Amino acid sequence: MTEQTERQQRFEQGKAVLDAVDGAAGANVIESLGDISPELAHQVVAWGFGEIYARPGLEPRDRQLVTLGMLTALGGCEPQLEVHVNAALNVGLTPQQIVEAFLHSAVYCGFPRALNATFTAKKVFDERGLLPLA
């Protein structure tokens, strides 16, 4: 098998995982990189999703919960957080669980980051017709 064939297979595996987890939002991110950094797009798909997200150690739902926590802790990642709130819903987290995760993050990340994450989730929930939460 050639290096190019292996590269393409990793991309295809990653694309299948990306589509299952992120749906259109993930595809939009990859497409938006096409005219500036197609290699970054390839690495996000092939490595991020083909190698890491595809690993058997955590369920997709758990991976998204970890991702939400880390993006909240980093701060300034609201565009990526928006994609991953959608992904979290796609893999079975409920809006209430997502909000609870952001509330919990306030203890470790501070209120500003927890608020930014919660308002990002609110935007996603509104777009998906999930507001108001019960």
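**Pocket lining and the H6–H7 contact**

In this predicted model, the lining of the largest pocket draws at least two residues from each of helix H1 (3-22), helix H2 (24-32), helix H3 (38-53), helix H4 (60-74) and helix H5 (78-90). Among these helices, H3 supplies the largest share of that lining, with 8 residues. A further topic is the packing of helix H6 (residues 95-109) with helix H7 (residues 111-127), whose axes come within 7 Å.

**The largest pocket**

- The volume of the largest pocket is about 590 Å³, and its lining comprises 23 residues.
- Nearest to the centre of this pocket lie Val44, Phe49, Tyr53, Gln80 and His84.
- By residue class, the lining of the largest pocket divides into 15 nonpolar, 6 polar and 2 charged residues.

**Helix H6 against helix H7**

- The axes of H6 and H7 cross at roughly 165°, and because angles over 145 degrees count as roughly antiparallel, the two helices are roughly antiparallel to each other.
- The crossing in which H6 passes H7 is right-handed.
- On the H6 side the contact is made by Pro95, Ile98, Val99, Phe102, Ser105, Ala106 and Cys109, while H7 contributes Phe111, Arg113, Ala114, Ala117, Thr118, Ala121 and Phe125.
- Taken over both helices, the residues of the contact of H6 with H7 divide into 11 nonpolar, 2 polar and 1 charged.

Definitions and conventions: Residues are numbered from 1 along each chain as its sequence is written. This is a predicted model: local features need pLDDT of at least 70, side-chain atom pairs count only at pLDDT 80 or more; totals for chains, interfaces and linings use all residues. Side-chain values use heavy atoms; hydrogens and water are left out. Axes are lines fitted to C-alpha atoms, for helices over the stretch in contact, and angles run from 0 to 180 degrees between N-to-C directions. Helices (H or I, at least four residues) and strands (E, at least two) are DSSP runs, numbered from the N terminus. Angles under 35 degrees count as roughly parallel, over 145 as roughly antiparallel, 65 to 115 as roughly perpendicular and the rest as oblique. A crossing is left-handed if the near helix is turned anticlockwise from the far one by less than a right angle, and right-handed if clockwise. Contact means heavy atoms within 4.5 Å. Ala, Val, Leu, Ile, Met, Phe, Trp, Tyr, Cys and Pro count as nonpolar, Asp, Glu, Lys and Arg as charged, and the others, Gly among them, as polar. On a 1 Å grid over the protein atoms alone, a cavity is a set of points where a 1.4 Å probe fits but cannot get out, and a pocket is an open set with protein on both sides within 12 Å along at least five of seven lines; lining residues have an atom within 4 Å of a point. Grid points are joined across faces, edges and corners, and a volume is the space filled by probe spheres set on the points.
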